Amino acid sequence: MTLHIEPPRGWLNDPNGLCFHGGRYHAYFQYCPDDASGAGKKCWGHCVSDDLTRWSFDGIAIYPDTPFDRDGAYSGCAVSDEEGIRLFYTGNVKREGNFDYVLEGRDANVLTAFSADGLKFGEKQLLLTNSDYPDYCSRHVRDPMLFDGGKRMVLGARSVDAIGMILIYGGDASDVNSRWSFERSVSSDERFGYMWECPDIFTVGGKRLLSVSPQGILRPETGETPVSRSGYFPFPEGARSVCSEAFHEWDVGFDFYAPQTFEAPDGRRILVGWMGLPDSPYERSAGLAPTKQLLTLPREVTLEEGIVKTRPARELEGRFRDEKRRLDGESFTLDYPSALFIEPDGDFALDFDAGLRIGLCGGRLCFEFDGGGGGCGKGRGSRVIEVGEAREIELIADEISLELFVNGGETAFTTRYFPENRRVTLHGAGARVFRISI
Ligand code: FRU
């Protein structure tokens, strides 16, 4: 069993169909078992857990084996009840011919399938096809997600003019014969990327949010290079537009994309993201095939004093193996998995011998991988984040990942890294650092 959701081999991307059924948590994900570069046709892999912190791989749940999904069983969601799990996902079909596959040549089907046990799914049924989408949409329409108790479905889309948007449909997820009818599309006041992937709409602490993963946006740290990022907009009921300036990233690290949420049986909103990026420049630019692939830790989403926070699901504490042990300006080995709790009084830095410095300097958190593709960052560079007053920082380290949460999850930062040694030295007497093995 692993702390993170991960398959034993192959490529993984987006989390799909997160749900609770039969006393267990189920996490599906985009999966190419035989091709670690992700070039193969996407299946849905499946992991299960009793407690959100011990995951085991349970095989492949959905294969792209019908004419309606033959080029990939793309992302989607799940609805679960006592009877079983119903999935909704995109069947990707690329017609043969000389097409650009953006404006023509692609079928974007919404399919559904049901399973009593979460692994063996019955016949796939077709719910929506290209002719159901508005004519201002390109052929990039995908990633169905249900909301409003299964009475609405949201899809991510790209317009013919390369504007990112979502499409909202009304229907009934509990009735497989329900007709899904188009209600409206929603975009931003100013153009914000050319495609919005993996939308999700939910309420946290009474506030309704629209989570999306826009492709082709500009961020300060990448200058003029358009990138893919994931975040949310406030999204009041019935909204017809969102404000691009109000977009807030879920996680500002090097490796985070396409998150999805679900409601745990006790009402908590849990978010899981892909620990990666589309067309990730890092390992590839370093000439390395991506190695192990994983999703992020499940994170609780809360609204506290108007601030949306994400922090590791509280079940993680149940896995702490010892008491917190205080470290003083010493060198130590960061085992995995383990957690560090940092209480800064002033500036400090953690120097990883493998070639990474994480430092707090005048209200700014800095991540600096040693230059070049050869270091443990494999091409990841440096990033500086304004955090203001950092009262507490939690860092969860696993074999090839670091997930950092500032002030109980006001800011999250996720990165993959590939250390050859795990010696870390603490500089800065001001910070109290506690360590715990998981
Ligand atoms: C996001 C995404 C989705 C799509 C899936 C295909 O990473 O591009 O929009 O459904 O990946 O694997």
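Which residues surround the ligand? Select the ligand and its neighbours with a heavy atom within 4 Å of it, and you will find Asn 13, Asp 14, Gln 30, Lys 42, Tyr 74, Ser 75, Arg 142, Asp 143, Glu 197 and Tyr 257. Before going on, note that this is a predicted model in which local features need pLDDT of at least 70, side-chain atom pairs count only at pLDDT 80 or more, and totals for chains, interfaces and linings use all residues. Residues are numbered from 1 along each chain as its sequence is written, and side-chain values use heavy atoms, with hydrogens and water left out.

**Stop 1: the ligand's contacts**

Colour the shell by class, with Ala, Val, Leu, Ile, Met, Phe, Trp, Tyr, Cys and Pro as nonpolar, Asp, Glu, Lys and Arg as charged, and the others, Gly among them, as polar. You should see five charged, three polar and two nonpolar residues around the ligand.

Now show the polar contacts (pairs of N or O atoms within 3.5 Å). A polar side-chain atom of Asp 143 is 2.6 Å from a ligand oxygen. For the side chain of Asp 14, the distance from an N or O atom to a ligand oxygen is 2.8 Å, and for a polar side-chain atom of Lys 42 it is 3.1 Å. By accessible area (Shrake-Rupley method, 1.4 Å probe), the ligand taken alone exposes 320 Å², and the protein buries 91% of that.

Next, switch to the cartoon and pick out the strands (DSSP runs of E, at least two residues, numbered from the N terminus). At least two shell residues come from each of β1 (11–21), β5 (73–80) and β9 (137–147).

**Stop 2: the largest pocket**

The ligand sits in the largest pocket, meaning that more than half of its atoms lie within 2 Å of the pocket's grid points. Here a pocket is an open set of points on a 1 Å grid over the protein atoms alone, with protein on both sides within 12 Å along at least five of seven lines; lining residues have an atom within 4 Å of a point.

This pocket has a volume of about 730 Å³, the space filled by probe spheres set on the points. Of its 29 lining residues, select Asn 13, Lys 42, Tyr 74, Arg 142 and Glu 197, the closest to its centre. The lining has 12 charged, nine polar and eight nonpolar residues.

**Stop 3: the second largest pocket**

Finally, select Ala 78, Val 79, Leu 146, Glu 263 and Arg 269, which lie nearest the centre of the second largest pocket. Its volume is about 520 Å³, and its lining divides into 14 nonpolar, five polar and four charged residues.

Methods:
A polar contact is a pair of N or O atoms within 3.5 Å; within protein, one must be able to donate a hydrogen and the other to accept it, and residues adjacent in sequence count only if both atoms are side-chain atoms. On a 1 Å grid over the protein atoms alone, a cavity is a set of points where a 1.4 Å probe fits but cannot get out, and a pocket is an open set with protein on both sides within 12 Å along at least five of seven lines; lining residues have an atom within 4 Å of a point. Helices (H or I, at least four residues) and strands (E, at least two) are DSSP runs, numbered from the N terminus.
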